[in-house]
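Open the model in your viewer and keep the selection tool ready. We start with the surface and then work inward.

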Amino acid sequence: CAGLPTDRTVVTGTGPDDLLKLRAGPGLGYSVVLGLPDGTVLNRRDCVTELGQLWCKVSLADAPRVTGYVSADYISPR
C-alpha cells in the first residue's frame with residue numbers, strides 16, 4: 001500500500017439545501033475553503049479532537065490536491 005493510508009468516506013446529513021464546510025484547519029475559527037454537498041466522496045486521513053469536536057483531514061476524491069478539515073459528524077464510511 002503506497003502513500004498515506006486513506007479511507008473513502010462520503011458527506012452525509014447536511015440536508016438538501018446546505019453544504020458541509022471544508023475548512024483550512026480543525027476548528028470553526030478556520031476559514032472555509034469550499035462547501036461540499038451530500039454525496040461528495042472524500043479520502044479521509046487522520047482525525048483530531050478540537051474543543052470536544054472531532055475533525056478529520058480530508059481530500060476530495062475527484063481533486064486530491066484540494067484538502068482541508070471537516071466535522072466528523074457529517075461524514076460516514078462508503
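Show the molecular surface first. The protein exposes about 4800 Å², and carbon and sulfur atoms supply 52% of that area. Accessible areas come from the Shrake-Rupley method with a 1.4 Å probe.

A word on the source. This is a predicted model: local features need pLDDT of at least 70, side-chain atom pairs count only at pLDDT 80 or more, and totals for chains, interfaces and linings use all residues. Residues are numbered from 1 along each chain as its sequence is written, and side-chain values use heavy atoms, with hydrogens and water left out.

Switch to cartoon. You will find 7 strands and 0 helices; strands here are DSSP runs (E) of at least two residues, helices (H or I) of at least four. The C-alpha trace spans about 35 × 25 × 20 Å along its principal axes.

Colour by burial next. Buried residues, those under 20% relative accessible area (1.4 Å probe, protein chains only), make up 33% of the 78 residues.

Now select the charged side chains: Lys and Arg as positive, Asp and Glu as negative, without His or the chain ends. There are 8 of each sign, and the centres of the two sets lie 8 Å apart. Each charge is placed at NZ of Lys, CZ of Arg, CG of Asp or CD of Glu.

Which cysteines form a disulfide? Select C47 and C56: their sulfur atoms are 2.0 Å apart, and the cut-off for a disulfide is within 2.5 Å. The whole structure has 1 disulfide. Its S-S torsion is about 100°, so the disulfide is right-handed. C56 is buried at 2% relative accessible area. C47 is partly exposed at 29%, a class that runs between the buried limit and the exposed one of over 50%.
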